[in-house]
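Here is a small set of exercises to work through with the model on your screen. Try each task on your own before you read the solution.

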Amino acid sequence: MVNALTIHPKDDEKIHISVAMVTFNGEKYIREQMDSILSQLQEGDELVVSDDGSTDGTLQILWEYQQKDPRVRPIQGPKQGIKKNVEHVLKNTRGNYIFLADQDDIWLPGKVEKVMQAFAEHHVMVVVHDAKVFEGEDPEQIVMESFFAFRNSGPGVVKNMMKNSYIGCCMAFQRKLKEVIFPIPDKIEMHDQWIGILGDYTDGKSYFLPEPLLLYRRHGENNSGMKHYGIGKMLRNRMVFFGYFFKKLLHI
């Protein structure tokens with residue numbers, strides 16, 4: 001049996017919290033999301049945004065925010081798909097704690113504080129919190145009170161290999177985890193499952209915080225973790241994930 005991963009921390013850096021966001025043609029909702037994030041960050045934190053070739057006004061919005069807030073750091077994405085863009089933005093983060101963020105959700109007040117409190121109290125590698133789901137334009141049009149209830153969310157490597165309950169926009173992890181998650185395999189279905197399971201497999205484990213700290217915006221254009229695939233695709237996705245996961249363990 002393969003032993004649990006042991007991750008060795010690097011020297012401390014000045015940045016305490018990094019928020020890692022990827023964007024692509026997100027001008028419609030990105031201001032609301034960035035405002036909800038920046039209102040919770042401290043002076044020594046950062047919001048790193050990797051744009052993957054937007055053709056709308058997203059870049060202009062990012063430069064506008066950077067001009068008035070030095071915590072905002074836009075970078076150019078690799079233009080190789082969402083998983084490679086996530087990997088790219090994560091590699092460019094400098095914080096001791098890294099929060100993942102989508103371009104079109106809304107962080108609820110107290111999210112950062114409560115997640116950091118969970119890290120301190122539970123001594124874990126990854127924290128995942130619950131979310132409420134709303135439709136389209138109006139955050140008050142809640143269509144799902146708990147993503148955790150929908151996915152039967154919880155920790156566990158085998159559990160989350162069989163049915164993933166990690167959702168990237170609700171995840172934060174310690175910087176030490178970056179030592180094992182790269183490269184993110186391009187052929188797996190979800191980068192959040194990869195990060196979450198590797199975090200859960202380490203000696204730090206993961207903690208599922210049962211409080212909605214985000215409003216997840218569901219619309220026709222976003223990549224959703226709420227899909228139900230057919231049995232054929234589900235089996236294929238699991239086999240691909242198993243293969244990459246065990247290959248990763250053999251090389252660590």
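**Exercise 1: A strand between two partners**

Strand S4 (residues 97-101) and strand S8 run antiparallel and are joined by three bridges. Keep in mind that you are looking at a predicted model.

Task: Find which residue of S8 stands opposite Ile 98, and work out which way the side chains of S8 point.

Solution:
- Step 1. Start from Ile 98 and look across to S8, where Phe 173 stands opposite.
- Step 2. Now turn to strand S6 (residues 126-135), which also runs antiparallel to S8 and is joined to S8 by three bridges. Here Val 127 has Ala 172 of S8 as its bridge partner.
- Step 3. Check the directions along S8 (residues 171-174): Met 171 and Phe 173 point one way, while Ala 172 and Gln 174 point the other way. In a regular strand the side chains alternate between the two faces of the sheet.
- Step 4. Add the burial: all of these S8 residues are buried.

**Exercise 2: Phe 173 and the core**

Task: Place Phe 173 in the largest nonpolar core, and list some of its contacts from beyond four places in sequence.

Solution:
- Step 1. The largest nonpolar core has 69 residues, and Phe 173 is one of those that touch the most other members, along with Leu 47, Leu 90, Phe 99, Ile 181 and Phe 245.
- Step 2. Leaving aside neighbours within four places in sequence, the contacts of Phe 173 include Leu 90, Ile 98, Phe 119, Val 126 and Ile 181.
- Step 3. Put this beside a general rule: in soluble globular proteins, nonpolar side chains tend to be buried together.

**Exercise 3: The faces of a helix**

Task: Where do the buried residues of helix H9 lie around its axis?

Solution:
- Step 1. Helix H9 (residues 231-250) has 20 residues and reaches 29 Å from its first C-alpha to its last, close to the expected 28 Å.
- Step 2. Pick out its buried residues: Asn 237, Arg 238, Phe 241, Phe 245, Lys 248 and Leu 249.
- Step 3. Looking down the axis of H9, these buried residues fall within an arc of 95°, so they line one face of the helix.
- Step 4. On the other side of H9, Met 239 and Leu 250 are exposed.
- Step 5. The cover over the buried residues of H9 includes helices H6 (157-162), H7 (178-181) and H8 (191-201).

**Exercise 4: A charged pair in a loop**

Task: Is Arg 71 buried or exposed, and what does its side chain reach?

Solution:
- Step 1. Arg 71 sits in the loop between helix H2 (58-68) and strand S3 (72-76), and Asp 69 lies in that loop between H2 and S3.
- Step 2. Arg 71 has 16% relative accessibility, so it counts as buried. Asp 69, at 12%, counts as buried too.
- Step 3. The side chains of Asp 69 and Arg 71 are joined by a polar contact of 2.8 Å. The Arg 71 side chain also reaches the backbone oxygen of Leu 41 at 2.7 Å.

**Exercise 5: Backbone surprises**

Task: What is the geometry of the peptide bond from Phe 182 to Pro 183, and what is the phi of Asn 25?

Solution:
- Step 1. Most residues other than glycine have a negative phi, and most peptide bonds are trans.
- Step 2. The bond from Phe 182 to Pro 183 is cis, with omega near -5°. Pro 183 is in the loop between H7 and H8.
- Step 3. Asn 25 has a positive phi of about 45°, and Asn 152 has a positive phi of about 55°.

Key. Residues are numbered from 1 along each chain as its sequence is written. This is a predicted model: local features need pLDDT of at least 70, side-chain atom pairs count only at pLDDT 80 or more; totals for chains, interfaces and linings use all residues. Side-chain values use heavy atoms; hydrogens and water are left out. A nonpolar core is a set of buried Ala, Val, Leu, Ile, Met, Phe, Trp, Tyr and Cys residues joined through side-chain atoms within 4.5 Å. Buried means under 20% relative accessible area, exposed over 50%, partly exposed in between (1.4 Å probe, protein chains only). Contact means heavy atoms within 4.5 Å. Helices (H or I, at least four residues) and strands (E, at least two) are DSSP runs, numbered from the N terminus. A polar contact is a pair of N or O atoms within 3.5 Å; within protein, one must be able to donate a hydrogen and the other to accept it, and residues adjacent in sequence count only if both atoms are side-chain atoms. Two strands pair if DSSP finds at least two bridges between them. The expected span of a helix is 1.5 Å times one less than its number of residues. The arc is that of the directions from the helix axis to the C-beta atoms.
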